[in-house]
Amino acid sequence: SLDGQVAVVTGASRGIGKGIAIGLGEAGATVYVTGRTSAKGASNTGGVNGKSQTGSLEETCEEVVKAGGKCVAVAADSAVDAQLKELFGRVMQEQGKLDILVNNAFSAVSWLPSTMGQAFWDKGIEAWDKVNNVGLRSHYVASVYAAQHMSKAKSGLIVNVGSFGGLNYIFDVSYGVGKAAMDRMANDMAVELATENITMISLWPGLVKTENIEDGALKGMEERRGRAPGNPEMDMKQLLPTPLAETPLFSGRAVAAFARDP
């Protein structure tokens, strides 16, 4: 049980972040969820090619409470350092501690499918920030603020939501470099956090049936680069009905299991 444990999950309006928040709530934790879509039905750019997508902090909190946890929705943009600092200050003020941080926020979910198949030199240098500002950079910032509090308590768990795309080409160059860096961040931060009894890991979800995947985000992979000549293209959509495709809650239960492991 995670009764009495306090967690922060960034980017939890929908997708993997929502599943992780529910998984932690299922185990009894109090979960602070962040995102930019606060109210149910609010317009957003979180869908494929920037279209409005279902999901909100309000709906995530409903599911967390339904699963057995407590939930606090915090409208925060992970691209803004001051808002992240304010988030952790609020958690400490209201709860007096922080046990778990899950770095999940990622701003390129809707952008990547729209640029699939384009070479990195055609995308321009702005591709780097679109993929790694809210992601790699914001994860570093959030980890700094979380560790400042966790280190005083000599306890905690920080999770980076990474990807096997850090090891093999999936979407594009900026994505692969960013995900590889998240793994290295988790490794090197873990080395320094070990003296404070804080654990840090990188979690690699597989093919996850998020709202965007269900809405056709994989269609762009038919045009992706990086396939060696002569190798047949894999139709990822064919895997969705199979056991190889995961639910977002699967990642949530994995994080909850890590958090329970002494």
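**Entry 1: loop residues with positive phi**

I began with Asn197, which I found in the loop between α7 (173-193) and β6 (198-203). The model I am reading is a predicted one, and I kept that in mind throughout. For Asn197 I noted a phi near 60°, a positive value in a residue other than glycine. I then asked whether Asn197 counts as buried or exposed. With a relative accessibility of 54%, Asn197 counts as exposed, because the cut-off for that class is over 50%.

I went on to Lys154, another residue that is not glycine and has a positive phi, here near 55°. I located Lys154 in the loop between α6 and β5 (156-161). The relative accessible area of Lys154 is 42%, so I entered this residue as partly exposed.

A glycine also went into this entry: Gly28, which comes just after α1, takes a positive phi of about 100°.

**Entry 2: helix α1 by itself**

I next looked up helix α1, which covers residues 15-26 and so has 12 residues. From the first C-alpha of α1 to its last I read a reach of 17 Å, which is close to the 16 Å expected at 1.5 Å a residue.

How many of the 12 residues of α1 are buried? I recorded 11, and α1 is therefore largely enclosed by the rest of the structure. I wrote the buried glycines of α1 down as Gly15, Gly17, Gly19, Gly23 and Gly25. The other buried residues of this helix are Ile16, Lys18, Ile20, Ala21, Ile22 and Leu24.

**Entry 3: α1 against α2**

For helix pairs I kept to the usual description, in which two packed helices are given by the angle between their axes and the distance between the axes.

Helix α2 spans residues 57-67, and I found that it packs with α1 at an angle of about 25°, the axes being 7 Å apart. The two helices are therefore roughly parallel to each other, since angles under 35 degrees are put in that class. I noted the crossing of α1 and α2 as right-handed.

Which residues of α1 meet α2? On the α1 side I listed Lys18, Ala21, Ile22, Gly25 and Glu26, and on the α2 side Thr60, Glu63, Val64 and Ala67. Sorted by class, this contact of α1 with α2 has four nonpolar, two polar and three charged residues.

**Entry 4: α1 against α9**

I then took α1 together with helix α9 (residues 248-260), and here the packing angle is about 45°, with the axes 7 Å apart. That angle makes α1 oblique to α9. The crossing of α1 and α9 is right-handed.

From α1, the residues making the contact are Gly15, Ile16, Gly19, Ile20, Ile22, Gly23, Leu24 and Glu26, while α9 contributes Pro248, Leu249, Ser251, Gly252, Arg253, Val255 and Ala256. By class I recorded eight nonpolar, five polar and two charged residues in the contact of α1 with α9.

**Entry 5: α3 against α6**

I turned to helix α3 (residues 81-95) and helix α6 (residues 126-153), whose axes come within 10 Å and cross at roughly 30°. That makes α3 roughly parallel to α6. I entered the crossing of α3 and α6 as right-handed.

The α3 residues I found in this packing are Asp81, Leu84, Lys85, Phe88 and Met92, and they meet Arg137, Ser138, Val141, Ala142, Tyr145, Ala146 and His149 of α6. By class, the contact of α3 with α6 has seven nonpolar, two polar and three charged residues.

**Entry 6: Asn132 and Gly178**

My last look-up concerned two residues, Asn132 in helix α6 and Gly178 in helix α7. Is Asn132 buried or exposed? I found a relative accessibility of 5%, so Asn132 counts as buried. Gly178 is buried too, with a relative accessible area of 0%.

How far apart in space are Asn132 and Gly178, given that 46 residues separate them in sequence? C-alpha to C-alpha, I read 6.0 Å. Leaving aside neighbours within four places in sequence, I found Asn132 in contact with Arg137, Ser174 and Gly178. With neighbours left aside in the same manner, the contacts of Gly178 are Asn132 and Leu136.

I also followed Gly178 to Asn44, which lies 134 residues away along the chain, and the C-alpha atoms of these two are separated by 24 Å.

Key: Residues are numbered from 1 along each chain as its sequence is written. This is a predicted model: local features need pLDDT of at least 70, side-chain atom pairs count only at pLDDT 80 or more; totals for chains, interfaces and linings use all residues. Side-chain values use heavy atoms; hydrogens and water are left out. Axes are lines fitted to C-alpha atoms, for helices over the stretch in contact, and angles run from 0 to 180 degrees between N-to-C directions. Helices (H or I, at least four residues) and strands (E, at least two) are DSSP runs, numbered from the N terminus. Angles under 35 degrees count as roughly parallel, over 145 as roughly antiparallel, 65 to 115 as roughly perpendicular and the rest as oblique. A crossing is left-handed if the near helix is turned anticlockwise from the far one by less than a right angle, and right-handed if clockwise. Contact means heavy atoms within 4.5 Å. Ala, Val, Leu, Ile, Met, Phe, Trp, Tyr, Cys and Pro count as nonpolar, Asp, Glu, Lys and Arg as charged, and the others, Gly among them, as polar. The expected span of a helix is 1.5 Å times one less than its number of residues. Buried means under 20% relative accessible area, exposed over 50%, partly exposed in between (1.4 Å probe, protein chains only).
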